[in-house]
Amino acid sequence: MKTKYDLIVAGAGYAGFAAAVRAARNGMDVLLFDRDGCAGGTGSASMIVPYMNYWTIDPATQEKIYLNKGLFFELRQHLIEQGQLMANDRNFHDEYVKLIMDRMLIEAGVTVLYHSYLIGADTADGTVRSVTVANKTGNLTFEADWFLDATGDADLTVMCGFPTRLGRESDHLCQPMTTCFRMANVDTALFKEEKPQIQELYQAWQAEGRIKNPRENVLTFFMPVKGIVHFNTTRVVGKNPVDAFDLTAAEMEAREQIFEMIAFLKANFASFKDASLISIGSRIGVRESRMISGEYVLTEDDVKACRKFDDTIAVANYSIDIHSPDGSGTLIYKLPQGEYYTIPYRCLIPKGVKNMLVAGRCISADHVAQASVRIMPICCTMGEAAGTALTLARQSGAKDVREVDVPKLQKQLEAQGLKIH
Ligand SMILES: Cc1cc2nc3c(=O)[nH]c(=O)nc-3n(C[C@H](O)[C@H](O)[C@H](O)COP(=O)(O)OP(=O)(O)OC[C@H]3O[C@@H](n4cnc5c(N)ncnc54)[C@H](O)[C@@H]3O)c2cc1C
């Protein structure tokens with residue numbers, strides 16, 4: 001068994017997937033591992049649709065300006081070819097993403113190891129030497145020159161002993177967790193008509209204590225499959241996503257809310273008369289947990305001011321979208337049309353480490369900024385940028401991610417189709 005690679009990527013979510021594919025295409029020998037049996041991370045295991053903003057509209061011309069292209073666009077193109085992206089350019093079929101990501105990983109030559117849980121890391125003088133994963137084979141240790149933490153929860157960063165922060169600064173509460181589920185055989189035309197009554201009755205039942213779910217309304221989406229309604233509407237507050245007992249309790253609480261929602265819909269609405277539960281995310285969805293303490297912390301002010309940084313590696317314009325960490329309500333702060341903010345390379349560099357980057361929802365950002373950067377298209381773009389940066393580090397003989405020639409990185413990212421300026 002081969003035990004040494006150029007790059008090891010921990011976590012095969014949108015960020016880890018993109019980093020691994022990009023680095024392998026750019027010549028790195030890459031190992032990508034994940035505890036799940038597929039790629040896509042939260043997007044796959046927690047069944048997340050649709051894609052939130054990856055474009056903005058030019059207010060003058062009303063033209064769509066795509067912000068997150070590169071590998072994310074390749075993925076999107078594959079979905080289009082499979083007929084699995086709806087005309088609104090957002091709603092897609094997440095099961096196809098698992099199929100497409102596998103193909104892209106294989107074609108790029110990435111060594112993929114699923115069903116492998118990170119259980120340890122060895123670090124000396126700020127240099128990560130190896131990681132150990134537990135799987136059916138046993139405990140396996142792999143070495144590499146470069147590492148990427150794309151675990152969403154910054155697990156590798158913690159195991160290496162580098163600092164992180166949990167949730168919002170004031171009380172360390174995180175955005176609520178949500179288990180998504182789907183109902184099939186819904187009369188979707190009638191559902192659209194009944195939606196206002198559904199919201200009204202839901203709120204009335206909630207006020208009477210007959211609905212325990214603290215979410216303020218019923219949040220649903222359509223998919224490119226007839227008769228299916230996707231529910232992103234359970235809400236578990238006050239639990240710590242990186243505490244295994246809290247996580248277990250959250251899974252069970254969310255599933256109880258699914259019982260509650262199905263009973264409510266079937267008892268009251270004709271559109272659900274013949275509908276049945278068809279699937280539940282295999283892992284509760286975690287919006288926020290640990291964030292690394294990086295060389296720069298992206299802030300609420302940076303996002304709201306649509307700040308542009310010299311060391312930009314990705315651009316983004318999704319709203320600040322905070323599902324209340326302690327109850328009802330969702331705060332949405334929309335960025336102006338035609339505008340975007342940028343994510344600096346320094347947000348991917350954990351303090352104190354030389355040969356590792358972090359990409360995805362656990363980059364160095366404050367609670368409010370994280371609520372914007374966390375979406376799938378942006379995580380994918382950050383992953384691609386990290387994979388590219390680590391390739392450049394290797395090619396230049398660097399020993400520290402801070403030595404990466406950032407203008408050269410930006411040029412390379414632009415050549416790969418990503419927007420920088
Ligand atoms: C309920 C909910 C709704 C959302 N809605 C939307 C939406 O509508 N649109 C949108 O664009 N985004 C949405 N998001 C956000 C988005 O889905 C995630 O933030 C994004 O997918 C995160 O990508 P990532 O690659 O950073 O991390 P993840 O997808 O979390 O990937 C991390 C990977 O690391 C693996 N991993 C973690 N720890 C270990 C370990 N110790 N050992 C081995 N493997 C490990 C995990 O299995 C996972 O595959 C939503 C999120 C949630 C939770």
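Guide: A word on classes before we start: Ala, Val, Leu, Ile, Met, Phe, Trp, Tyr, Cys and Pro count as nonpolar, Asp, Glu, Lys and Arg as charged, and the others, Gly among them, as polar. Please also keep in mind that this is a predicted model.

Visitor: Okay, so how many nonpolar, polar and charged residues does the shell around the ligand have?

Guide: The shell around the ligand has 16 nonpolar residues, together with 13 polar and 8 charged ones.

Visitor: And which residues come nearest to the ligand?

Guide: Out of 37 residues around the ligand, the ones that come nearest are G11, G13, G41, G285 and G360.

Visitor: Which helices and strands supply at least two residues of that shell?

Guide: There are α1 (14-25), α2 (42-45) and α10 (376-396) among the helices, and the strand β6 (117-124), each of which supplies at least two shell residues.

Visitor: Let me stay with α1 and α10. At what angle do they pack?

Guide: The angle between α1 and α10 is about 35°, and their axes lie 7 Å apart. The crossing of these two helices is right-handed.

Visitor: Which residues meet there?

Guide: On the α1 side the contact includes Y14, F17 and R22, along with several alanines, among them A15, A18 and A19. These meet residues of α10, including M376, C379, M382, E384 and L390. By class, the residues of this contact divide into 13 nonpolar, 5 polar and 2 charged.

Visitor: Switching to β6, then. What does it pair with?

Guide: β6 pairs with strand β7 (residues 127-135) in the antiparallel sense, over 7 bridges, and one of the residues involved is G120, whose bridge partner in β7 is T132. The two strands form a hairpin with 2 residues between them, and in the turn D125 has a positive phi of about 50°.

Visitor: Where does the chain go after β7, in terms of pairing?

Guide: β7 is joined by 6 bridges to strand β8 (residues 138-149), and these two run antiparallel. Here V131 has F142 in β8 as its bridge partner, and β7 and β8 also form a hairpin with 2 residues between them.

Visitor: New topic: what is the strand order in the open sheet of 4 strands?

Guide: The order is β11-β12-β10-β13, with antiparallel pairing. β11 (220-222) and β13 (276-280) stand at the edges and have a single partner strand each, so one side of each is left without a neighbour in the sheet. From one strand to the next, the twist averages 30°.

Visitor: How many bridges join β10 to β13?

Guide: Strand β10 (residues 181-184) is joined to β13 by 4 bridges, and the two run antiparallel. M183 has L277 in β13 as its bridge partner, while R182 stands opposite S279 in that strand.

Visitor: And what about β10 with β12?

Guide: β10 and strand β12 (residues 229-231) are joined by 3 bridges and run antiparallel, and F181 has F231 in β12 as its bridge partner.

Visitor: Last thing, which domains does the assignment give?

Guide: The domain assignment gives domain 1 (4-170 + 288-415) and domain 2 (181-280). Taken over C-alpha atoms, the centres of domain 1 and domain 2 are separated by 29 Å.

Visitor: How many residues of each are in contact?

Guide: In domain 1, 19 residues are in contact with 15 residues of domain 2. On the side of domain 1 that touches domain 2 there are 6 nonpolar, 10 polar and 3 charged residues.

Conventions: Residues are numbered from 1 along each chain as its sequence is written. This is a predicted model: local features need pLDDT of at least 70, side-chain atom pairs count only at pLDDT 80 or more; totals for chains, interfaces and linings use all residues. A residue is near a molecule or strand if its C-beta atom, placed from the backbone, lies within 6 Å of it. Axes are lines fitted to C-alpha atoms, for helices over the stretch in contact, and angles run from 0 to 180 degrees between N-to-C directions. A crossing is left-handed if the near helix is turned anticlockwise from the far one by less than a right angle, and right-handed if clockwise. Two residues are in contact if their C-beta atoms, placed from the backbone, lie within 7 Å. Two strands pair if DSSP finds at least two bridges between them. Domain bounds come from an automatic or database domain assignment.
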